Amino acid sequence: MINQDTICAVSTAPGAGGVAVIRVSGTDAIRICDTIFVPKVEGKNLQSQKAYTLRYGSIRRGEELIDDVLVALFRAPHSFTGEDTVEITCHGSVYIQQQILQLLIEEGCRSALPGEYTQRAFLNGKMDLSQAEAVADLIASTSAGMHKLAINQMRGGFSNELTKLRSQLLDFTSLIELELDFSEEDVEFANRNNLKQLATAIEQLIHKLADSFSVGNAIKNGIPVAIIGETNAGKSTLLNLLVGEERAIVSDIHGTTRDVIEDTINLSGVTFRFIDTAGIRETNDTIESLGIERTFQKLSQASIVLWVIDLNTPAEQIEELAKVIIPKAEDKKVILVFNKSDLLSPAELEAKQQLLNTIPADRLYISAKQQANTEVLKQHLIQAAALPELSQNDVIVTNIRHYEALTKAHEAILRVINGLTLNISGDFLSQDIRECMHYLGEITGQISNDEILGNIFERFCIGK
């Protein structure tokens, strides 16, 4: 149900700044703002103002001046929420923001809940649920890839694909159910071969969308890169160098890193989530042992593994460790990072390279301390990510809720294809088709409940 209260909140980032924007939305938005706004030109109150215009004036409590402001007015239904909306641009003082909000509440507004503006936009038909979720993704985007995907979804790229699918399924089930109405006459309105071709095409598209989640999730949350290796190989030094700050303690003492440390960087528009892990070695220290156990857990969760190896380590010891690491990372992209190359002469380095060629993985030789070849390492990471070039027209799934719904829709359409092959009764086919439509409708909000909506919008920031 749409709440009829008029709501207000600061829509700009929390804290002080040059300016701040306070958004007021609801049936009484214009009237309430008129009670506290004094226009510079007398007689030009907000209720007489045209939509999409600005008015300069001041916010006052009686005779007391709070601030000089600009007021933008949007009339229903042509606003973000679909309601009458007023946006007050004031100076960015936290005190001024709070004073204006207090005045608005005194005149009949209430403070907006997290995501309530976007929720109202959804409930008023300004966008579907997947587009509403894209608003949050756009706000949270930290890379070019995340931005492109969020913009495409917010503009309805994903929604359009789902709308086409549901329309085809509706036509599909209409023919099946029409046959059921004339079952006594034994009339066939739907050619089973044509229906099977259509169902197969729909299955392939749903499967393609669901499969895109692995790429979308990597773009949205960052590609997990586990930095592993023995103690004192230079893992923490490498992490600090990659992220550009002292995130991990660097020491010559073995076992300094006892837990997992994570940070992210952006390379060529792709976010990488680096995970520095405890050094692998035999130890009787309980805490360190737990850290090493977590190292192997993180290795299993990573897409890329940077195995950092001290070049002074005997080749036999490296090969023994490879027997443990390589099988655990068989489905990962493994890059051998031979560190401390500055401590070897060119001849020693060449000899070492010859000895270590038996390990099946990409390799490069660096000095994290001297920052030698680290730019080459970054290029290796970009290549290892192997993400496709994206345009704003690409439809990529980034939301786990969407992925789960697509998975269930895919199971339902597979049952339809199997049912057509086995020539089962039309009422069973119709039930599976409608189940597929149901799960697709959950994504866009055509099928929804208050619990789902609450879970989605409570994660938004206040003011959006």
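This is a short tutorial dialogue on reading a predicted model.

Trainee: Before anything else, what average pLDDT does the protein have?

Mentor: Keep in mind that this is a predicted model. The protein's average pLDDT is 80, and 83% of the residues score at least 70.

Trainee: And over which residues does pLDDT stay under 50?

Mentor: One such stretch is residues 247-259, for which the model has 39 contacts beyond four places in sequence. Another is residues 281-289, where the pLDDT is below 50 and the model has 14 contacts beyond near neighbours in sequence. As a general rule, where pLDDT is low, the predicted coordinates shouldn't be read in detail.

Trainee: Okay, on to the sheet. What is the order of its strands?

Mentor: General idea first: strands of a sheet pair through backbone hydrogen bonds, either parallel or antiparallel. Here you have an open sheet of 7 strands with mixed pairing, and the order runs β3-β4-β5-β6-β2-β1-β7. The edges are β3 (37-39) and β7 (110-111), each of which pairs on one side only.

Trainee: In which sense do β3 and β4 pair?

Mentor: Antiparallel: β3 and β4 (residues 53-61) are joined over 3 bridges. Look for Phe37, which stands opposite Ile59 in β4.

Trainee: Which strands does helix α1 lie across?

Mentor: Helix α1 (residues 29-36) lies across β2 (17-25), β3, β4, β5 (64-74) and β6 (85-92), and α1 runs at about 75° to β3. It's mostly covered, with 6 of its 8 residues buried. Those are Ala29, Ile30, Ile32, Cys33, Asp34 and Ile36. The buried residues of α1 pack against β2, β3, β4, β5, β6 and also α2 (94-106).

Trainee: Why is helix α9 called largely enclosed?

Mentor: Count the buried positions. In α9 (residues 235-243), 7 of the 9 residues are buried, so the rest of the structure largely encloses it. The buried set is Lys235, Ser236, Leu238, Leu239, Asn240, Leu242 and Val243.

Trainee: Back to Cys33 for a moment. Why is there no bond from its sulfur to the closest cysteine sulfur?

Mentor: Distance settles that one. The closest cysteine sulfur belongs to Cys109 and is 6.3 Å away from the sulfur of Cys33, which is too far for a bond; the cut-off is 2.5 Å. Searching the whole structure turns up 0 disulfides. Cys33 itself is buried at 2% relative accessibility, and Cys436 is buried too, with a relative accessible area of 0%.

Trainee: What about the backbone: which peptide bond is cis?

Mentor: The usual picture is that most residues other than glycine have a negative phi, and most peptide bonds are trans. In this model the bond from Ala76 to Pro77 is cis, with omega near 0°. You'll find Pro77 in the loop between β5 and β6.

Trainee: And what is the phi of Tyr52?

Mentor: Near 60°, so to speak a positive value in a residue other than glycine. Tyr52 sits in the loop between β3 and β4 and is exposed, at 55% relative accessibility. Asn423 also has a phi near 60°. Its place is the loop between α14 (400-422) and α15 (426-444), and Asn423 is exposed, with a relative accessible area of 57%.

Trainee: Last topic, charges. How many salt bridges does a search of the whole structure find?

Mentor: Side chains of opposite charge can pair when their charged atoms come close. The search finds 13 salt bridges. One of them joins Arg120 and Glu83 at 3.1 Å, N to O. Arg120 is in helix α3 (residues 116-123) and Glu83 in the loop between β5 and β6, so this pair ties together parts 37 residues apart in sequence. Arg120 and Glu83 are both buried.

Trainee: Which parts of the chain does the pair Asp137 and Lys220 link?

Mentor: Asp137 and Lys220 meet at 3.2 Å, N to O. They link distant parts of the chain, with Asp137 in helix α4 (residues 129-140) and Lys220 in helix α8 (residues 213-221), 83 residues apart. Asp137 is buried at 15% relative accessible area, whereas Lys220 is partly exposed at 25%.

Trainee: Where do Lys378 and Glu375 lie?

Mentor: Both are in helix α13 (residues 374-385), 3 residues apart, about one turn of the helix. Their side chains form a salt bridge at 3.4 Å, N to O. Elsewhere, salt bridges that share partners join Asp5, Glu83, Arg110, Glu116 and Arg120 into one network.

Definitions and conventions
Residues are numbered from 1 along each chain as its sequence is written. Side-chain values use heavy atoms; hydrogens and water are left out. Buried means under 20% relative accessible area, exposed over 50%, partly exposed in between (1.4 Å probe, protein chains only). Helices (H or I, at least four residues) and strands (E, at least two) are DSSP runs, numbered from the N terminus. pLDDT is the predictor's confidence in each residue, from 0 to 100. Contact means heavy atoms within 4.5 Å. Two strands pair if DSSP finds at least two bridges between them. Axes are lines fitted to C-alpha atoms, for helices over the stretch in contact, and angles run from 0 to 180 degrees between N-to-C directions. A salt bridge is a side-chain nitrogen of Lys or Arg within 4 Å of a carboxyl oxygen of Asp or Glu.
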